[in-house]
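Here's a chain to walk through with the viewer open. Keep the sequence handy, and let's go from strands to core to a couple of polar side chains.

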Amino acid sequence: MGALTRRGPGLRVRLTLLSASLVALVSAVLLWLGWVLVGNVVAAVPRLPAGTPVRVGGVEVPSELLGEALRDSARQQVLVIGGFAFVAVVAAAALLAWLVTGRVLRPLQEVTETAQRLSAESLDERIALSGPRDEVARLADTFDAMLDRLQAAFDAQRRFVANASHELRTPLSVVRTELDVTLSDPDADEAELRRMADVVREATARAERLVEALLLLARTEGVELAVREPVDLTDVVGRALRAVEPEARRRGLRVKRCTEPAFAVGDPALLERVAGNLLENAVRHNVDGGWLEVSTGGDPRWTTLRVASSGPEIPAESVEALFEPFRRAGVERTARNGTGLGLSIVQAATTAHHGKIHATALPAGGLAIMVQLPAAP
């Protein structure tokens with residue numbers, strides 16, 4: 001409250017005082033000019049013969065002082081009448097300014113009241129200001145657009161937290177169930193204990209992968225890169241392909257590689273994660289006996305990495321949702337062998353590199369993702 005008190009009167013009061021002050025200043029100047037002009041005009045009266053009696057305002061004045069007497073009388077009348085007019089004009093100007101500024105600032109008051117009512121639970125309220133499209137309406141529209149972005153961000157955050165909690169709860173539930181079942185069996189032998197240990201180890205490994213992916217996503221989103229250096233995407237793709245080669249061979253995938261030297265500027269570790277996630281996603285969500293193509297290239301401005309693969313048919317309207325956390329092609333939840341954050345990390349890393357990413361659903365099924373990164377000089 002102390003900080004608000006020190007700010008002084010509100011905008012409406014300040015505008016009213018400013019308008020009244022300007023009118024008072026102009027009126028004072030006009031009153032002074034009228035006082036000077038009237039005095040000069042009245043003083044220039046014809047001279048009368050000396051000794052001629054003249055009565056001004058009920059008082060006899062010598063004829064030689066007639067001009068001066070008329071001037072003083074006129075100036076006094078100007079001051080009296082002008083003073084009343086001065087007060088009336090300033091008061092009328094202040095009242096008019098108060099009413100006009102109140103009407104003009106009413107939409108701003110609506111914006112302020114809406115902002116004061118808002119909370120994380122009431123972001124669906126909008127100003128929706130009607131009337132002429134002036135500066136105040138533009139401000140209200142900008143505020144509504146900001147609320148749209150905030151609501152989308154809050155909704156995405158709620159979904160992310162709910163999904164992350166679910167994904168973390170699943171391996172913990174598996175661990176607890178295995179422990180409870182095994183420990184409640186008094187006849188559990190070494191083989192049963194080893195089986196339980198294998199299940200617990202797999203569940204904890206899945207939880208560890210999910211936590212690492214969450215930390216990587218948190219470190220990548222909305223941050224500036226700490227390292228920027230030329231990186232050959234051909235080498236990055238080669239290492240990523242070697243990592244997924246065993247699984248691709250096991251599923252009978254035909255891998256086609258069309259790479260040429262393509263240098264981008266960025267963080268080598270993050271770019272390797274981008275290529276790795278794209279290829280892991282292409283192998284993991286492929287069909288047995290399918291195909292996979294990876295290519296690099298570019299121009300003087302952009303370096304391009306494209307990964308395309310066969311797979312289940314994806315509706316075109318669902319492609320953008322694949323980049324949301326814990327989403328994959330064709331389903332709402334992530335697969336058991338993945339964290340569901342692969343494409344989210346790719347998108348965050350591409351944005352951190354000031355690059356662009358575009359995904360296209362293939363007509364015969366599958367997905368093609370193209371990442372464009374700033375090219376190295």
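What follows is a short tour of a predicted model.

Let's begin with the strands. Strand E4 (residues 254–258) runs parallel to E6, and the two pair over five bridges. On the E4–E6 side, Val255 stands opposite Leu292 in E6. E6 also pairs with E7, this time in the antiparallel sense and over seven bridges. There, Leu292 has Ser309 in E7 as its bridge partner. So that you can trace the turn: E6 and E7 form a hairpin, with three residues between them.

Now for the packing. The largest nonpolar core has 36 residues, and Leu278, Leu279 and Leu305 are the ones touching the most other members. At least two residues of this core come from each of helix H6 (233–250), helix H7 (268–284), strand E6 (291–298), strand E7 (302–309), H8, E8 and strand E9 (367–374). H7 gives the most, with eight residues. For a closer look, pick Leu278: leaving out residues up to four places away in sequence, Leu278 touches Leu305, Val307, Leu343, Val346, Ile369 and Val371. Apart from this core lies another one, of ten residues, including Val111, Leu123, Ala137 and Leu147.

Next, a polar side chain. Where is His353 placed? His353 is in the loop between helix H8 (342–352) and strand E8 (356–361). Is His353 buried or exposed? The cut-off for buried is under 20% relative accessible area, and His353 counts as buried because its relative accessibility is 1%. Its side chain has polar partners in the backbone: the side chain of His353 reaches the backbone nitrogen of Asp267 at 3.0 Å, and the backbone oxygen of Ala349 at 2.8 Å.

One more stop, this time inside a helix. Thr101 is in helix H3 (residues 66–117). With a relative accessible area of 10%, Thr101 is under the same 20% cut-off, and therefore buried. Which residues does Thr101 touch, not counting those up to four places away in sequence? They are Arg12, Leu15 and Thr16. Thr16 is 85 residues from Thr101 along the chain, yet their C-alpha atoms are separated by 7.4 Å. As for polar contacts, the side chain of Thr101 reaches the backbone oxygen of Ala97 at 2.6 Å.

Technical notes. Residues are numbered from 1 along each chain as its sequence is written. This is a predicted model: local features need pLDDT of at least 70, side-chain atom pairs count only at pLDDT 80 or more; totals for chains, interfaces and linings use all residues. Side-chain values use heavy atoms; hydrogens and water are left out. Helices (H or I, at least four residues) and strands (E, at least two) are DSSP runs, numbered from the N terminus. Buried means under 20% relative accessible area, exposed over 50%, partly exposed in between (1.4 Å probe, protein chains only). A polar contact is a pair of N or O atoms within 3.5 Å; within protein, one must be able to donate a hydrogen and the other to accept it, and residues adjacent in sequence count only if both atoms are side-chain atoms. A nonpolar core is a set of buried Ala, Val, Leu, Ile, Met, Phe, Trp, Tyr and Cys residues joined through side-chain atoms within 4.5 Å. Contact means heavy atoms within 4.5 Å. Two strands pair if DSSP finds at least two bridges between them.
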